[in-house]
Amino acid sequence: MYAHGECCLSRSITEATTSTIATSSNFGIALQYEYTNMETIRDGSDSISPNSVLDDVAAEWPAMPMEGESFAVPTRMIMQKYTMLGTYSATDRLQFLLTVPYVINDMDMRMMMRSPMGMDMRMNMEMDTVEGLGDMTLMGLYKLYRDNPDAPAKKLTIGLGLKPPTGKNDEETDSGNLVHAVMQPGTGSWDPLFLVNYLHTFSPVVFQANLLYQMTTEGDEGYEFGDKVSFDLIARYPIIDYINPGLEINLFYAGQDTDHDDRYSRPDESLLDNTDNTGITSVSITPSLQVKIPRTGGSIDLKFQQPLYQHASGIQQVADWRAMASIVWAF
Ligand SMILES: [Cu+2]
């Protein structure tokens, strides 16, 4: 679903390859922070309340109460992520990028149970925080074309990357179930990544188009997230030397997940633990502000991402907004 897609991996790579860290001639470091607020539940493109989801489930339950019937829907999820990034330029054209994320996931849920009298009882609960090292990414970026090596107005970069499974994907709840796949810090899989970035300056505005494809593979616990494709169009306008406002359009697609060994799936008990409710297409708009620290290689980037359109496969909780801040230092 959305959670592990735009938020957790591809977003940081896109942030890196489109920021000033990619222009560092020797090495660069950055610290990114992301806060994603998820509340809205979508059935396709329409929003639906948690209680209507539960009403629909209860309507399918047998009239005579059976033992242990319950169903849970998420009411709010907060995903926070700190990412350390480093770049190193091996040659004039070849640059390496490493990202090391630390994730903090919180979730509130509403649970419905059937009492022995056949009444539905609903209560809110808060899950324990899941936090830890996420999946790192190593990427090689190669400048295929530049119109001027020192200050290119046109530049084409291609990238090839690998995401090893450095984050845990087998965190359990107190009751001994695996935590939702989307809430795990890592995916358990080795995924190749492919990137194409084109920069074109129509003075004074700098335009970038960034395409990132993550070819997801099966994780060691048998869960396979859907492939992810993101396409970002970015415009930055330098008003004065040190302040660059910008605007981005973000297109995102995630395919459906597959739980090969059925370890995470509990479709009768939980909206989230059901791969029918995975896969999404979204369009977002992101205003941004970059402030350069005068006479240094440092800059601060602030972004606010607002989804304009989301089409979820099945019924899913989606991102309502996301805020991002980063400090970049290029040497
Ligand atoms: Cu939950």
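Where is P204 found? In this predicted model, P204 sits in the loop between β9 and β10. The peptide bond that joins S203 to P204 is cis, with omega at about 5 degrees. The report below turns to the metal site, the nonpolar cores, the largest pocket and several loop residues.

## Copper site

Four residues coordinate the copper ion: M107, M109 and M127 through their SD atoms, and H180 through NE2. The coordination distances run from 2.1 to 2.5 Å. Because the four donor atoms subtend angles of 99 to 121 degrees around the copper ion, the arrangement is tetrahedral. Along the sequence, the donor residues follow the spacing M-x1-M-x17-M-x52-H.

Distant parts of the chain are linked by the pair M109 and H180, which are 71 residues apart. M109 belongs to strand β4 (residues 94-114), whereas H180 lies in the loop between β8 (154-163) and β9 (191-202). M109 has a relative accessible area of 5% and is therefore buried. H180 likewise counts as buried, at 5% relative accessibility.

## Nonpolar cores

The largest nonpolar core has 14 residues, and M77, M107, M109, M127 and M183 are the members that touch the most others. Two or more residues of this core come from each of β3 (70-89) and β4. M107, M109 and M127 thus appear both among these core members and among the donors to the copper ion. As a general tendency, nonpolar side chains in soluble globular proteins are buried together.

With neighbours within four places in sequence left aside, M109 is in contact with A72, V73, P74, T75, M123, N124, M125, M127, H180 and L272. A second core, separate from the one described above, consists of twelve residues. I13, L85, L193 and L212 are included in this second core.

## Largest pocket

The largest pocket holds about 1000 Å³ of space. It is lined by 40 residues, of which T20, T23, K155, L199 and K292 are the closest to the centre.

Several elements each supply at least two residues of this lining: α1 (3-18), β7 (137-146), β8, β9, β10 (205-214), β15 (280-292) and β16 (298-312). The element that gives the most is β9, with four residues.

## Loop residues with positive phi

D262 is not a glycine, yet its phi is positive, at about 55 degrees. This residue lies in the loop between β14 (258-259) and β15. D262 counts as exposed because its relative accessibility is 55%, and the cut-off for that class is over 50%.

R295 also has a positive phi in a residue other than glycine, with a value near 60 degrees. The loop between β15 and β16 contains R295. At 78% relative accessibility, R295 is classed as exposed.

## The loop between β8 and β9

E172 is placed in the loop between β8 and β9, where H180 is also found. E172 counts as exposed, at 51% relative accessibility, whereas H180 is buried.

Residues up to four places away in sequence not being counted, E172 touches N177, L178 and V179. E172 and Q184 are twelve residues apart along the chain, and their C-alpha atoms are separated by 9.2 Å.

Methods
Residues are numbered from 1 along each chain as its sequence is written. This is a predicted model: local features need pLDDT of at least 70, side-chain atom pairs count only at pLDDT 80 or more; totals for chains, interfaces and linings use all residues. Side-chain values use heavy atoms; hydrogens and water are left out. Donors are N, O and S atoms within 2.8 Å of the metal (3.2 Å for Na, K and Ca); water is not among the atoms, so sites may look incomplete. Four donors count as tetrahedral if all angles lie between 85 and 135 degrees; four count as square planar and six as octahedral if opposite donors are over 155 degrees apart and all others between 65 and 115; anything else is irregular. Buried means under 20% relative accessible area, exposed over 50%, partly exposed in between (1.4 Å probe, protein chains only). A nonpolar core is a set of buried Ala, Val, Leu, Ile, Met, Phe, Trp, Tyr and Cys residues joined through side-chain atoms within 4.5 Å. Contact means heavy atoms within 4.5 Å. On a 1 Å grid over the protein atoms alone, a cavity is a set of points where a 1.4 Å probe fits but cannot get out, and a pocket is an open set with protein on both sides within 12 Å along at least five of seven lines; lining residues have an atom within 4 Å of a point. Grid points are joined across faces, edges and corners, and a volume is the space filled by probe spheres set on the points.
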